[in-house]
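Me: I am new to this structure and would be grateful for a close look at a single part of it. Please describe the open sheet, its strands and the helices that lie across them.

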Amino acid sequence: MQVLYVVGFDVAPREEGVLPYAAALSCVSEWLTYNAVGEISEADLRVSGARELRHNKVNGDPRRASWEMVGPEGCRALRVEVRDEDEATESSFITHVTLSDIGGAVGVRVSMGRETSATWLSPAPAPALYQPGIVRSLMLKGGIDITVAGQRQDGRYIQVRSDQEVRELADAVCRSDRLPLLLLHTRTLAALETAKQTAARLVGLVRVVTLDYRASRSLYERLPGYAPPYAGARLIWSDHEAKQVVFGEEETNGGDPERVRERLMRVLAPLSVLARGTDHAFRRARQAEINRQSSKARTRSELARVAGDMSAQMEALREELAAVRADAEEWEEFATAQMQKADRYKDDAEKVPALEDHVEQLLQALRATQGPPERPVEPEDAWENLPALVTGDAASAEELFLQLQDLSSGRIVFTPHAKSTWKKSKYPFPEEMTECLVKLARVATALYDGTERSMPHLDTWIRDEFDLKVALQDQAIERDAKLRDFVYEDRTWSRVPHVKVRDYAPPTQVGRIYFALDPERGRLIVDHVGLKLS
């Protein structure tokens with residue numbers, strides 16, 4: 001069988017009284033039952049068995065599940081095989097799940113592979129690999145945690161925003177005892193969806209980390225060459241010095257999260273096989289089972305010999321012989337697999353000298369066409385490359401608002417009402433409004449960056465430092481609760497502070513940005529973008 005994908009998890013109780021093996025066994029039962037005609041219970045899985053499954057939904061080909069339980073208590077393993085037959089190509093797609101309990105350490109190994117007929121000599125198409133449903137079942141199971149090398153796997157992306165989080169990420173990048181990291185700059189909703197889907201569907205292969213613009217620049221300053229490209233993503237291997245895989249803006253923001261997941265699966269799955277190719281837990285449990293059977297047979301044989309019962313002694317010797325043969329077959333199977341692996345390594349090794357010569361030739365040719373090595377490219381200044389508002393267009397407002405929130409690390413936020421007011425507004429000078437919103441976002445970034453400032457009047461500081469006209473009082477609005485108050489995040493705020501975008505003009509040309517100050521959370525809350533309230 002050609003193994004194509006392998007993940008392995010340690011299973012531990014999250015709550016007192018939870019038995020991790022039993023909890024994981026219930027996940028296997030639920031996973032199989034979902035595809036079976038009838039229930040496959042936990043009791044069914046405690047002894048070896050088999051069951052027909054519903055036919056493949058795509059091509060109608062047959063499917064079958066079988067399972068084998070081996071090993072004594074304390075060194076036991078259940079291996080489940082789900083076989084999808086492809087009658088057109090005379091091949092089978094096989095999913096293996098091994099649930100083991102070795103000395104109290106519970107683990108789950110999940111692999112996928114392909115098996116072809118000896119008479120089928122046509123090239124097989126590259127399979128589309130998707131994470132088996134058992135992984136999601138384990139993640140969502142209450143009372144247990146699944147981990148890889150101590151790293152909890154929950155199918156979620158990790159947000160990095162603060163300086164402390166950037167420091168921790170920089171430390172993690174330089175460690176080798178971790179999964180590969182996909183660092184993704186999320187400036188749009190499409191990028192966030194890409195992060196969400198990738199994290200949920202590549203569990204055990206990669207950890208997804210999202211950064212805003214400020215965090216990306218901070219990581220670049222600490223580790224040049226490791227921050228994600230602007231609006232893109234970067235895959236950093238466990239060996240952080242290995243050549244990275246970069247994803248462009250069109251891949252992460254294109255609206256199709258599958259593009260990044262598919263590409264990562266093609267890259268990560270073959271390496272997972274190299275790193276986790278052998279099912280060690282099942283081998284140990286089966287060896288323990290063989291040893292137990294052999295020991296029982298020897299004991300029975302000795303008791304029969306002492307009792308002078310030749311018939312019982314012969315029966316015990318036959319059982320001992322069967323155990324020895326099973327042990328020999330086990331080792332023969334293992335040796336055959338290792339010899340096949342050695343043959344592959346030998347073939348690869350024989351190619352190395354020629355490949356090294358070819359690589360050296362290419363490097364020399366490349367050096368001849370290049371100048372001295374360059375410093376890693378610094379991320380572009382995103383403040384200079386922002387989308388512009390379009391009068392009455394909610395989509396343009398949403399895009400600008402999201403990017404300003406990202407650039408300011410959440411120090412400016414926009415309510416849904418802010419987007420709807422711009423959509424209803426017919427303000428004729430969208431360029432001025434865009435410019436003032438950008439300045440206001442810069443004000444929020446500076447105002448709440450933690451620096452102590454001598455500031456006799458906030459409006460004066462904003463005018464002098466950012467060339468922005470802000471008023472903190474408005475008698476007409478203060479007297480009218482409907483104009484003054486708005487609700488955001490279950491709390492009432494005052495929208496009296498405002499930016500005077502344009503003044504001393506006809507009512508249809510007087511632009512305003514109304515916002516609230518939130519010093520507790522260090523942010524400005526914008527609730528109105530459009531014409532002056534009256």
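Reply: In this predicted model, Q159 stands opposite T210, a residue of strand β11. The strands concerned are β9 and β11, the latter spanning residues 207-211, and they pair in the parallel sense over three bridges.

This pairing belongs to an open sheet of five strands. Read across the sheet, the order is β9-β11-β10-β12-β13, and the pairing is mixed. The edges are formed by β9 (158-160) and β13 (245-247), each of which pairs on one side only. From one strand to the next, the twist averages 20 degrees.

Two helices may be considered together with this sheet. Helix α4, made up of residues 163-173, lies across β9, β10 (181-185), β11 and β12 (233-236). Its direction is at about 120 degrees to that of β9, the edge strand that pairs with β11. Helix α8, which covers residues 258-276, lies across β10, β12 and β13. Relative to β13, helix α8 runs at about 170 degrees. Strands β10 and β12 are thus named for both helices: α4 lies across them, and α8 does as well.

To return to the starting point, the strand order places β11 between β9 and β10. On the β9 side, the contact between strands is the parallel pairing over three bridges, within which Q159 faces T210. At the opposite edge of the order stands β13, the strand to which helix α8 runs at about 170 degrees.

Key:
Residues numbered from 1 in each chain as written. Predicted model: local features only at pLDDT ≥ 70, side-chain atom pairs only at ≥ 80, totals over all residues. Heavy atoms only, no water. Pairing = 2+ DSSP bridges. Helix = DSSP H or I, 4+ residues; strand = E, 2+ residues; numbered from the N terminus. Axes fitted to C-alpha atoms, helices over the stretch in contact; angles between N-to-C directions. Contact = heavy atoms within 4.5 Å.
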